[in-house]
Amino acid sequence: MVLERPINQLNLMLALAREWPVDDEIRPLFREWGYSVRAVGRKFALPISVYAALKDSVPMKIAAGPDLILVSETKGELLELECKTQSFGMKAVVMGAADTDELRQARTLLLLDPASLAGSLGLHKVKSGSLVYVIATESVPLQEITLEELSSELRDHGQAPVKHWVWGLKNKEDGVYLWNVNLGEEEIRVVATTDPDWEPIRTIPFDPSIDAKDEKGVLIFSELVRQSVAVRVLEIGVGQGVLDPVAVCRAVIPIWDFWDPECTKPVLARAKEYIDSILAQVSKMGLRSMREKGRYLIEIPSDRVHASLTRYFASPRYWRGDIDVHMPQDGPPMFEEPTAP
Amino acid sequence: MDDYCRARFIELGERHLKRPVLKSYVVETRRGVGQPSVAVFADLGRIKQQDEDFYSIDDPQGPVGIIEKRSRFLILHTLLKTSEIELRVLRLTRSSLHTDNLWLDGDMLKYLFDVAVKVYGGRRPSRIAMEFEPYFDTLSEEDVGSEEMDDFEIEDSERSRPLNRISLSNKLGKLNVFVDMLYDLDFRSLAMVRFPSPTTSGGHEFYYYGKVTNRSDTFYAHRDVLNNVLDGYRALTERIEDLTWLGGHRDKSPEGLEAAVEGAPVVFRFDNGIPSNVYQSFLDVTFRKMRGPFRLVGNLIPAGKDRYHVYGLDMHLGQRVFLELSPKRFVVILPYGTCGNTVHRLAANIQRYLSQDLTITVGGEEYRALVREAFMIGSRKTD
């Protein structure tokens, strides 16, 4: 399961950068190596002279960024981690395409200078780095060939591409392993589990920029939006207040501010659409709302309306995602008040 | 209040209490909400400011008590009987998303007990209570659907569900022997500890849900001990927030991205595992039926065998919490801004309802050690 989805790979990599108890099932490998997370999902522009010189001859992007940047300030090194389901070299071979989106992104990543990338993160002591693709183990050889070909293509154009590595992720009977790792043992167990369906908990719940078909992510996103709306409306109490959909998205997606507008726009639209449908339901109970400058002005006119909203937002059905106020409720509201000390 | 406490102390000595002992209920607000508002107690009576941080509260029958304001805490000192006031206070704190009662989990109460033994060398009398409620072990289908099912029962006489309770009074030295034996038997869920008064006779009883009763002869000693414990509690909460939000790196920007992705996870490890029926009942009641004492909401998302992820809310303070649940281990991720007292509350409730045989860690640090470190402030003052 972990190997199938880039969003799971990313969250596994993030887990390896957290501090876990000594004998936990997760081995905090990056911490052991002295690396910590310094950027997630950020994009960096190529030097404009490089882009201008190459753009007509080599398909590439003006800006790109790895999924994750890890930095060791003591070693003065950074690792740019990019998670992929499978090698995109296969697609290029089969389709004969030299300019798939992934290939263009890969060329751009190979051209980003680690020192200047570190400089833009304010890490001036970091002078070197590598680009690391994290991928299912069976795709490693093809991905290595692909990256080598791209690197020599760039060298032919007078550029000095960054060092690259391809790490394989694989499930074995006793855990999840990283394979072909350049920094330590060749094969390292990073999760001790006998469960083939093991999945990491998601710190980044949803990221359509790396995993567009992530249905579970959409479900989690919707749930988090639903929670935010309920808490915000209940916090307003009787009176007026503001519900800001951007603030909702920012609370739900920790890396919201680093996403491209091409990524935030559809997600924000999705959040607004969902918030609209929830507010349309609660307007039947007397809540008034109005869109103004992209935000919602909310008015809860009376204690009675607030009490109805509290009941609605406290119903298990709402938390499960059935937001229709006229749906029959299954049982009493949750967490009834204490009755007898 | 001081005179009142003196009179009650004499009555306690004569074993004939004419009026209730003074008790304090501590209410906590979440970080970032600002100074707590005394209005949270408005339903108890008319509130009138008496001093910068003190307010009186009266109802038509007479005085209800005094409210003291202290950074993240509000303390209601009251002379009313438990039966007259406790449920009303708990209801008020439970109905607000801004306030919660204080949660003193078993590790904190054990620390208070250990300090008392160390400081008083076993001579002073004390009292402890240990309580474990096999709530999820005994729950019938009928209970789960019942409107009467509450999440906060305290007095034995009115209980409708079983409670394993041990209450012991003796000199601290002898009590310590009993406590060690009980710990060896995995009975560890301390629910109350009486801390001897450092400056006078008697003591101060700390209950896990934030009630503190004064069984000494002065109000001042009561306030001093309570304030010392609150200093420790606050230091612990803030230390947990530093670790879970920032991964322990104070030099990083508190709003930074690292805060979001690198904070330390809190791990509750059950060495012997939670029994399967208890685990299933916990999942069913808490997350599918959204009831019971934990007040957590969120959908269970399968993440392996017997393992679930929940991207949910802790309804005590309406705050976001990410959970990984399995019979051997719960992992809790506190997103930036979620109050550190979520950990105390979960610890107290897990120890009381699920398992007493657990080790809690925050990142690479044992929770017990963090408690010790944070409460040194309080113990130094009481030494």
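## Exercises on a predicted model

Val176(A) stands opposite Val191(A) in β9(A). The model is predicted, and the exercises below start from this pair.

**Exercise 1.** Find how β8(A) and strand β9 of chain A run and how many bridges join them.

Solution. Take residues 187–192 of chain A as β9. The two strands run antiparallel, and 5 bridges join them. One of the facing pairs is Val176(A) with Val191(A).

**Exercise 2.** Determine which strand β8(A) is joined to by a hairpin, and through how many residues.

Solution. The hairpin partner is β7(A), and the connection has 2 residues. Next, place the strands: β7 covers residues 163–172 of chain A, and β8 covers residues 175–179. Their pairing is antiparallel, over 5 bridges. Within it, Tyr177(A) in β8(A) faces Lys170(A).

**Exercise 3.** Identify the residues with the most contacts inside the largest nonpolar core, and the helix that gives the most to it.

Solution. This core has 194 residues, and the most contacts inside it belong to Leu70(A), Leu112(B) and Phe206(B). Helix α7 of chain B, residues 219–246, gives the most, with 10 residues. Now take Leu112(B): leaving out residues up to four places away in sequence, Leu112(B) touches Val193(B), Phe195(B), Phe206(B) and Val229(B). As background, nonpolar side chains tend to be buried together in soluble globular proteins.

**Exercise 4.** Describe chain B by its helices and strands, its buried share and its contact separations.

Solution. Chain B contains 11 helices and 19 strands. Of its 383 residues, 52% are buried. Among contacts in chain B with a separation of 6 or more, 61% are between residues 24 or more positions apart.

Terms used. Residues are numbered from 1 along each chain as its sequence is written. Chains are lettered from A and ligands numbered from 1 in the order in which they are written. This is a predicted model: local features need pLDDT of at least 70, side-chain atom pairs count only at pLDDT 80 or more; totals for chains, interfaces and linings use all residues. A nonpolar core is a set of buried Ala, Val, Leu, Ile, Met, Phe, Trp, Tyr and Cys residues joined through C-beta atoms within 7 Å. A residue is buried if 20 or more other C-beta atoms lie within 10 Å of its own, exposed if 12 or fewer, and partly exposed in between; C-beta atoms are placed from the backbone. Helices (H or I, at least four residues) and strands (E, at least two) are DSSP runs, numbered from the N terminus. Two residues are in contact if their C-beta atoms, placed from the backbone, lie within 7 Å. Two strands pair if DSSP finds at least two bridges between them.
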